[in-house]
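These are my notebook entries on a single protein model, written down in the order in which I looked things up. I keep them to what can be read from the coordinates.

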Amino acid sequence: MSSNADEESLTHPLLLLRSTSNTTSQVAIVGSNLCPIESLDYEIIENDFFKQDWRTRSKIQICQYIFMKWTLCFLIGIVVSLVGFANNLAVENIAGIKFVVTSNMMLANKYLVAFAVFTAANFGLTLFASVITAYISPEAAGSGIPEVKAYLNGVDAPGIFSLRTLVVKIVGSISAVSSSLHIGKAGPMVHTGACVAALMGQGGSKKYRLTWKWLQYFKNDRDRRDLVTCGSAAGIAAAFRAPVGGVLFALEEMASWWRGALLWRAFFTTAVVAIVLRAFIDFCFTGKCGLFGTGGLIMFDVTSANISYHLEDVPPVFLLGIIGGILGSLYNFILDKVLRIYTLINEKGAAYKILLACSISIFTSGLLFGLPWLTSCQACPADASEACPTIGQSGNYKKFQCPPGHYNDLASLIFNTNDDAIKNLFSKNTDSEFHWSSILIFFVTCFFLSIFSYGIVAPTGLFVPVILTGASYGRLVGMLIGSRSNLNHGLFAVLGSASLLGGSMRMTVSLCVVILELTNNLLLLPLIMLVLLVSKTVADVFNGNIYDIIMKLKGFPYLEAHAEPYMRQLTVSDVVTGPLQLFHGIEKVSNIVHVLRTTRHNGFPVINEPPVTESPILFGLVLRAHLITLLKKKAFLPTAVPTGIDAFNQFTSGDFAKRGLGNGDKIEDIDLTEEELEMFVDLHPFTNASPYTVVETMSLAKALILFREVGLRHMLVIPKISGRLPVVGILTRHDFMPEHILGVHPSLLKSRWRKLRIRFPCWDKIF
């Protein structure tokens, strides 16, 4: 019985294992903790109060609103670029000191001491990163890209953009990347950029006395969404010094809604990042940036004036794409299984999370220190472009245990930061520098260490490890092809990175531009396009992209851009569940309090009935947050009569503005007397009188497209025939989830259309 349960836990979505009932509030794994999640209110609430507020705004206030949008984008670019530069500089110097001390011990033939220093340093850095993540901000664990992508789709996961998450993300990423774990800092930089944007766009803070009136314009989810999109683009731009690639990454992978004005602001934000980074890089060229900070940010300049390729070079590139697609899908498959196992461990408590992270660190340190002993030393080339062997700095020729005049090629890759290892693999005119056996060992090591390192409780990224793994296997393919191709091994490494990125992450346009900006070589464009298209096509046959897999594991209710074919067989009335909670236009206070305390719904239909109207009609939709505000302000009436214009004198727009980071008022915090509970509230001025509605006979597929494209949180279902209750039910994000639909209609499981994907039963038995 227990074995069947364990097997089920490794093959089914984690969300289904935790909540099989149909509830309006879903749960997701946020920072290895189970948390309730809600949707965001991207729709403009067009009630009378909103209309009155906008009618009273002057042209100056509108100009201030536009000016503040661009100002915040500028500030996001400045802050993210500063964080990116500080992050890189800290990693280079912390890891550099560790490698120099270890190398000095090796030079003195103190091998055991060197191993102890190397392992202890890595252990301490990993322990620090895991402790602050587990106890201060578990939401900072992982890359953060799935969380940001879900947020931009409308999922409000708690705590992912808090100030403590930002601090832990920055500090923890520096510590974890410096610990020689096979993780990257690009993913955490995307989350960092999104955090910076969300904090700037939360409308000020009374706690920190940031109550500037201009900031109040951004107290809504719609503007915060745009700022977070710009922040995620800035994160990629800062990580890879790729401004255009950052914009395209946000467009292709992150954002669910896009428009021309947002494109301009995102481009402006990444341009600011590029300019600031360029200034810092010029400063670092003077040698004032520490031990390894001489040029700094990740840039694999493989420019060569005489790069040429012919038709006979296309088949090897095509082969790289096929291999990259297969390896990328295998990478995603194994990572999926490993993350499920890690989740079972992490659920046992913070101590188990930290123990897992430290165990991975010790295993990684022992492996990295021991593997170079398996390879033979190589004589330094006579025409080496740098000192050989390299001592006390980064470089292509690490001495390790070799005699004078020789270097260890595997140690040259392992005893460097991941960025420097990629530079070594991408370097031109180095075809004879590495032995094929060393590259093979390094590829296998990177492939599995990056998988086992990702799920620990620390800020970890996948971009750089995938680039490094792809570069190693690409260079290996170049070695095997040899002189039968005009491409050098460094270019094969670049194309290998592109193929594995395409096979794992399934992006094409943005990855193509990012790699071109990394390598500073436009001549590679046709080959990179080809290898990305082939690898993505091959990988799509097996499974989905890595970030979608992680989102599904975490239980985020992400709405896809397309509808499943079986949704055409259903109407919206087939998935609407009850009971439906209604309010009248003038409602008794006690009824409102009872409904808010007994349900977790965030939107309620408001209807008018006789004698207010001749027949029952749907007046609109009122939000839970607005009802709580009315109760908190005690805007009550002694009798059931309309308030008219008095509501505009009693409230301000700031009273209904959404607080940042989900810190809204709760119904449990409101105390009312027995006399107040018998009073009434006029809901008409605060009700959205023009909500999105669909007729009950509309297909579920058509409703899904409308729901996602408009960015809704609630969609009212109205009857097709008059004479009934004016509203049938409310559709929310949860109603469009396949788990809910197939749970309500299990007969669709047999007829459910599935993507053409090849499955290997033996893989499921092994993993």
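**Entry 1: a patch on the surface**

Is L127 buried, partly exposed or exposed? I began here, bearing in mind that the model is a predicted one. I found L127 in helix α5, and with a relative accessible area of 31% it is partly exposed. I then looked up its surroundings on the surface and noted a nonpolar patch of about 500 Å², made by F123, L127, V131, Y135, I136 and I362. Helix α5, which covers residues 111-135, gives the largest share of that patch, namely four residues. I add the general rule that an α-helix has 3.6 residues a turn, so residues three or four places apart point the same way.

**Entry 2: the whole protein**

I next took the overall counts, which list 29 helices and 13 strands. Of the 767 residues, 57% count as buried. The protein exposes about 31,400 Å², and carbon and sulfur atoms supply 62% of that area. Among the contacts with a separation of 6 or more, I noted that 78% are between residues 24 or more positions apart.

**Entry 3: a covered helix**

How many of the nine residues of helix α15 are buried? I counted eight, so I describe this helix, residues 418-426, as mostly covered. The buried residues are N418, D419, D420, A421, I422, N424, L425 and F426, a list in which I see that polar and charged names stand beside nonpolar ones. As for what covers them, these residues pack against α4 (59-107), α14 (409-414), α16 (436-454), α17 (463-481) and α18 (489-505).

Since α4 appeared among those partners, I also looked up N87, which lies in that helix. N87 is buried, with a relative accessible area of 3%. Leaving aside neighbours within four places in sequence, I recorded its contacts as S173, I174, K185 and M189.

**Entry 4: strand β8 and its partners**

Strand β8, residues 603-608, is mostly covered, and six of its six residues are buried. Which residues point which way from β8? I noted G603, P605 and I607 on one side and F604, V606 and N608 on the other, and all of them are buried. In general, the side chains of a regular strand alternate between the two faces of the sheet.

I found β8 paired with strand β6 (residues 583-584) in the parallel sense, over two bridges, with H584 standing opposite I607. With strand β9 (residues 617-623) the pairing of β8 is antiparallel and runs over six bridges, and the bridge partner of P605 in β9 is L621.

**Entry 5: the sheet of three strands**

I then turned to an open sheet with the order β11-β12-β13 and mixed pairing. Why is one side of β11 and of β13 left without a neighbour in the sheet? Both β11 (693-695) and β13 (729-731) stand at the edges, each with a single partner strand, so each has one side free of a neighbour in this sheet. Neighbouring strands are turned against each other by 35° on average, direction ignored.

Between β11 and β12 (residues 715-718) I recorded three bridges, with the two strands running parallel, and V695 stands opposite I718 in β12. Helix α26, residues 700-710, packs on the sheet and touches β11, β12 and β13, its direction making about 145° with that of β12.

**Entry 6: two valines**

What place does V727 have, and what is it in contact with? V727 sits in the loop between β12 and β13, and at a relative accessible area of 2% this loop residue is buried. Leaving aside neighbours within four places in sequence, V727 is in contact with L580, L582, P605, L618, L716, V717 and P719; P605 in this list is one of the β8 residues I noted above. The C-alpha atoms of V727 and E696 are separated by 9.4 Å, although the two residues are 31 residues apart along the chain.

The other valine, V744, lies in helix α27, residues 738-744. At 35% relative accessibility I record V744 as partly exposed. V744 and V575 are 169 residues apart in sequence, and their C-alpha atoms are 7.2 Å apart in space.

Technical notes. Residues are numbered from 1 along each chain as its sequence is written. This is a predicted model: local features need pLDDT of at least 70, side-chain atom pairs count only at pLDDT 80 or more; totals for chains, interfaces and linings use all residues. Side-chain values use heavy atoms; hydrogens and water are left out. Two strands pair if DSSP finds at least two bridges between them. Axes are lines fitted to C-alpha atoms, for helices over the stretch in contact, and angles run from 0 to 180 degrees between N-to-C directions. Contact means heavy atoms within 4.5 Å. Patches are made of residues with over 30% relative accessible area and no salt bridge: like charges are joined within 9 Å, nonpolar side chains (Val, Leu, Ile, Met, Phe, Trp, Tyr) within 5 Å. Accessible areas come from the Shrake-Rupley method with a 1.4 Å probe; for residues, only the protein chains shown count as cover. A salt bridge is a side-chain nitrogen of Lys or Arg within 4 Å of a carboxyl oxygen of Asp or Glu. Buried means under 20% relative accessible area, exposed over 50%, partly exposed in between (1.4 Å probe, protein chains only).
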